[in-house]
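Q: Could you take a close look at one sheet here and at the cysteines? I'd like the strand order, the pairing and the disulfide situation.

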Amino acid sequence: ASIGSSGSYFKGTFDGNEKSISNLSVKGKGLFYTDSNAPIKITKLTLDKLTVTGPNGSSGEIGAIASDIHSGDVIEGCVVKNSHITCENSFGNPWIGGIVGANYGGAITNCIVEDTEITASTDNTTESGLLARAAGIVCNNSGSVSGCQVKGNTIVTAAHKKASDVTAGAIVCVKNGTFANNTYEYTVKTRTKGSGEADYTVKQN
């Protein structure tokens, strides 16, 4: 399960002290369960062989570190590698990021995603505004993203049988806010498959 829960959100500072946590499996929206009223700062944490699976019957943001961050929140110097971030098949409208699903005014700085599969794939047709979106760092951004890298054989996938709004980005899907010095390697791939499409459209970035 995530660190924190609904009504008892994680808040405060978590210093990973450049240590690595390996082989965790989280059924939820991210390692840390966060909220706009519970400010956070997460630094220098490496997650290796992490599996995050967004649960059935839900909708919204999913990320390795957290589902979403807000104004005043900071994620800095974190690494996600050899990991899988995805959702179950009946998840609603997934926004999945390698670090966080959405950044609503916070700061993501000097983070790395490497050799990781990030997959927003769902057949859910009961939600309104059907979509599936995935990105290497953050799916929906209106904050600050700087000095981040997406590396190695990272694969970013967005797929939905009934939706045409399927977007996969090497770093970000919805690009608002501020960006500086973010890079991705040519080995990173993005894949999309929307309504009526039999095969994935694959892009070697």
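A: **The open sheet and the cysteines**

Let's start with the sheet: four strands, ordered β6-β11-β16-β21, make an open sheet with parallel pairing. At its edges sit β6 (66–70) and β21 (172–175), each pairing on one side only. On average, neighbouring strands here are turned by 10° against each other, direction ignored. For the terms: strands are DSSP runs of E, at least two residues, numbered from the N terminus, and two of them pair if DSSP finds at least two bridges between them. The angles, on a scale from 0 to 180 degrees, are taken between N-to-C directions of axes fitted to C-alpha atoms.

Before going on, this is a predicted model, so local features need pLDDT of at least 70 and side-chain atom pairs count only at pLDDT 80 or more, while totals for chains, interfaces and linings use all residues. Residues are numbered from 1 along each chain as its sequence is written, and side-chain values use heavy atoms, with hydrogens and water left out.

Zooming in, β16 (residues 138–141) runs parallel to β21, and three bridges join the two. Asn141, for one, has Lys175 in β21 as its bridge partner.

Now the cysteines. The whole structure has zero disulfides, a disulfide being a pair of cysteine sulfur atoms within 2.5 Å. Cys173 has its closest cysteine sulfur in Cys139, but at 3.8 Å that is too far for a bond. For Cys87 the closest cysteine sulfur is also in Cys139, at 11 Å, again too far. Cys173 is buried at 17% relative accessibility, and Cys87 is buried at 8%; buried means under 20% relative accessible area (1.4 Å probe, protein chains only).

Note on methods: Buried < 20%, exposed > 50% of the residue type's maximum accessible area, 1.4 Å probe, protein only.
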